[in-house]
Protein chains: 2
Amino acid sequence: MKKNVLIIGAGAVGAVVAHKCAQSSDVFASVCLASKNVAKCDAIIDSVNKKNYQTVAGFQFYSREVNAYNTEDLVTLIRSTETQIVINVCTVFVNMNILGACLETGAAYIDTAVHEDYSVMNAPYPWYANYEWKKRELCKEKGVTAILGSGFDPGVVNAYCAYAQKYEFDSIESIDIMDVNDGDHGHYFSTNFDPEINLREIIEDAGCLEDGQWRTYPHHSRSMKYDFPEVGEHKLYLMGHDEVHSLSKNIPGVKTVRFWMGFGDHYLKCLEVFEKVGLLNHETVTTNNGEKVVPLHTLKACLPDPASLAPKYKGKTCIGTLIKGKRDGQDKELLVYNICDHEVTYADIDSQAIAFTAGVPPVAAAKLIASGDWDLKAMVNVEELDPIPFFERLAEMGISTEIHDLSANKGSSSNRVLYA
Amino acid sequence: MKKNVLIIGAGAVGAVVAHKCAQSSDVFASVCLASKNVAKCDAIIDSVNKKNYQTVAGFQFYSREVNAYNTEDLVTLIRSTETQIVINVCTVFVNMNILGACLETGAAYIDTAVHEDYSVMNAPYPWYANYEWKKRELCKEKGVTAILGSGFDPGVVNAYCAYAQKYEFDSIESIDIMDVNDGDHGHYFSTNFDPEINLREIIEDAGCLEDGQWRTYPHHSRSMKYDFPEVGEHKLYLMGHDEVHSLSKNIPGVKTVRFWMGFGDHYLKCLEVFEKVGLLNHETVTTNNGEKVVPLHTLKACLPDPASLAPKYKGKTCIGTLIKGKRDGQDKELLVYNICDHEVTYADIDSQAIAFTAGVPPVAAAKLIASGDWDLKAMVNVEELDPIPFFERLAEMGISTEIHDLSANKGSSSNRVLYA
């Protein structure tokens, strides 16, 4: 039986999910794209229709308006659309509402990031258990499948760990997730995701597990250089990130789990100005004219819409997981990674690579729920699932998996394509 | 007969004007401080009262609320307070309203900057005649004294030109006004005046008269270094500014009139970020949540209140006029200037030097209207008036006038204090 899918969120990632679902009418019977702003949904549906994908007869693709902060509205929407799988690519502040609606209706739930409370910054590490994990027992009781953090990072990078654990290592000591965008969008400054989420995330304290201890550092206070396949050397900064929490729990014996992101000097200078001046403040301030404004909302209104960056984006992203451990008593070190080209993803579905790499994996997850492979009737993070069918679905949709083996010989390395 | 003064505007400059008027109860019978925000007036009056200045018996100092965009309100206020002299240190967008109310009531008018239309950026040069100068004939007809641009720059720097023309030169070829703040307020970024005015002004095209031609350059596209007395070498950038307009008309034979302001690299980088990102936009934009916001208003709400900078401000300002011309057939070059120390002005009247140098001169002008010296019953710019009594009043209130003579001997220079 083909499944009815509900996508919630009509941003740049929502557009990728919509295109990839429309390319998958062999698996999905219908797709509803919902957002508080139905005009954005309709614009995405237009862009999908312009692509003239060959769809199976009877496939339906339509839009609905929804207030994702209102669980009752979500329940009504899920029921009226006969949704079996919800792909949540909306703001992370509504995760618990959408998960609640899935628990109420029995629909499967997929998201790509951990829930956050808008008013809380720098929650103490680790924090996955603050929200979603509290519903783990209830998912099991009700037989509801919930796949948490199924974007690229978190998501695919977690599957790299599951693969490494199962097929490459006897024991894993450290995991360093590294995310670098070697592309150029041509704007003076832009975020690649919703600035409200992205800029908050970047200025939060950088938390990580190191040598078995949870540690927190001021943002951008720790950096390293890394020479990546294809995109070359980049400077990376330690950041807090969702996958650090679940991997530290789900990869047995791991002592170090860190997340690193590449930033250029110009980007960091702009960020410094925004932060020091108070433009990243997400609380209301009063202007001289008595207007109530949220500085971060004003900044967001000034910045390019991330969804608008795609046509001119050039270059590639590289996101990977550097894993160190033992195999047969020997030290082993692998970078499992993907290279994604902004121009290739634009040619495919009008998207830039960052939204593409974030939006394809939840569609792969939805396909694996539809096929039964990942339909566990329980709440899981991606590293708890079989990575092989995930890599296969990703490769079919344009996301390859490669391995850079740094332990082959001292001072040399080898590269192999795992799935493409 | 002592005069009743009305101060309109309760910002950092308004506070200076208020303090200096309260120190001048021998000249002024009463002072009313008016603003749309009467609480700001009352806070200034409190700060004046705390100083316990010795005032002449019967001297009155009080606040009133006024909407300075409403000429009728202003007329009512001037009449009800029996005001004879209005000191306008409000936003420049209301100059024509306040001037109109003075024309209606016969009160003398003093301002410190040229009127601007909020919606107009980069008006073609020269632009003094666009607003105030249209009322010149009417002032003469009605016998209303209006002294335009009587702050420091414009204002005192114009008097330097009048002095040079009268006492130092046979002919003046070029005038370069140079404004540098060597002080440190300790904040990451702050403007010293209302950010809304200051940041607009800074990103406007830089217009000037050069070799008898009006020329316009992109902002910050022309710079020079200059070695100032006391504060040393600074990098200065060509800017458009009010005094360029009137001096080009009122100093006979002058071929070049330019305005230069000192900026540090960090300040310019912040300005670049604000401008390129769109945060200096003074038009309304709509946020993702549907809120209507003016980016420049939001930025202003985030920045320190210029009035709050004074307590921690260290260092000095130097503002002067570099004048080149002929005397007795020989080349002559003088820098007429003032040095002002942030800590000294704070000790005097709780002000930083930039507000102090802007706020003391209109009080000097008001005293000269009260004494009759400058009560010409006509509209004039400061360079059209006798500079000597102005220098005397300024010196009494803490603003000295000095001369750096660069033509004394080739390769050497001499310094003399004119008024202190």
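Here is a chat between a biologist and a modeller about a predicted model with chains A and B.

Biologist: How many degrees of turn lay chain B on chain A?
Modeller: Once superposed, the two chains agree with an RMSD of 0.0 Å, and the shift along the axis is 0.1 Å. That is the relation of a two-fold axis. The turn that does the job is 180 degrees.

Biologist: And what percentage of the contact residues of chain B recur in chain A?
Modeller: Each chain puts 28 residues into the contact, chain B as well as chain A. The same surface serves both copies, and the share of chain B's contact residues that recur in chain A is 100%.

Biologist: How much area do chain B and chain A bury between them?
Modeller: Let's look at what lines the contact before the total. On the side of chain B that touches chain A there are 14 nonpolar, eight polar and six charged residues. Carbon and sulfur atoms carry 67% of the buried area, and the whole comes to about 2,400 Å².

Biologist: Which element supplies the largest share of the side of chain B that touches chain A?
Modeller: Three elements of chain B each give at least two residues there: α9 (265–277), β13 (285–286) and α10 (295–302). The largest share is eight residues, and its source is α9(B).

Biologist: How many salt bridges does the rule find across the interface of chain B and chain A?
Modeller: There are polar links here: five residue pairs are in polar contact, both partners at pLDDT 80 or more. A salt bridge needs a side-chain nitrogen of Lys or Arg within 4 Å of a carboxyl oxygen of Asp or Glu. For this interface the count is zero.

Biologist: Now inside chain A: how many Å separate the centres of domain 1 and domain 2?
Modeller: Domain 1 of chain A covers 3–152 + 352–396, and domain 2 covers 156–349 + 400–419. They meet through 48 residues of domain 1 and 53 residues of domain 2. Taken over C-alpha atoms, the centres of these two domains of chain A lie apart by 22 Å.

Biologist: Which three residues supply 19% of the area that domain 1 of chain A buries against domain 2 of chain A?
Modeller: The two domains of chain A bury about 4,300 Å² between them, 66% of it on carbon and sulfur atoms. No other three residues of domain 1 supply more of its buried area than this trio: A:Tyr125, A:Phe152 and A:Glu383.

Biologist: Which residue does A:Asp386 meet in a salt bridge?
Modeller: Between domain 1 and domain 2 of chain A the count is three salt bridges, and there are also 23 residue pairs in polar contact, both at pLDDT 80 or more. For A:Asp386 the N to O distance is 3.8 Å, and the partner is A:Lys166.

Biologist: What is the omega of the peptide bond from A:Tyr125 to A:Pro126?
Modeller: A:Pro126 sits in the loop between β5 (108–111) and α5 (136–142) of chain A. The bond leading into A:Pro126 is cis, with omega near -15 degrees.

Biologist: Where is A:Asp328, the residue with a positive phi although it is not a glycine?
Modeller: The phi of A:Asp328 is about 55 degrees. As for its place, A:Asp328 is in the loop between β15 (316–327) and β16 (330–341) of chain A.

Technical notes: Residues are numbered from 1 along each chain as its sequence is written. Chains are lettered from A and ligands numbered from 1 in the order in which they are written. This is a predicted model: local features need pLDDT of at least 70, side-chain atom pairs count only at pLDDT 80 or more; totals for chains, interfaces and linings use all residues. Side-chain values use heavy atoms; hydrogens and water are left out. Copies are superposed by least squares on the C-alpha atoms of residues with pLDDT of at least 70 in both. Contact means heavy atoms within 4.5 Å. Buried area is the accessible area (1.4 Å probe) that two parts lose on being put together, summed over both. A polar contact is a pair of N or O atoms within 3.5 Å; within protein, one must be able to donate a hydrogen and the other to accept it, and residues adjacent in sequence count only if both atoms are side-chain atoms. Helices (H or I, at least four residues) and strands (E, at least two) are DSSP runs, numbered from the N terminus. Ala, Val, Leu, Ile, Met, Phe, Trp, Tyr, Cys and Pro count as nonpolar, Asp, Glu, Lys and Arg as charged, and the others, Gly among them, as polar. Domain bounds come from an automatic or database domain assignment.
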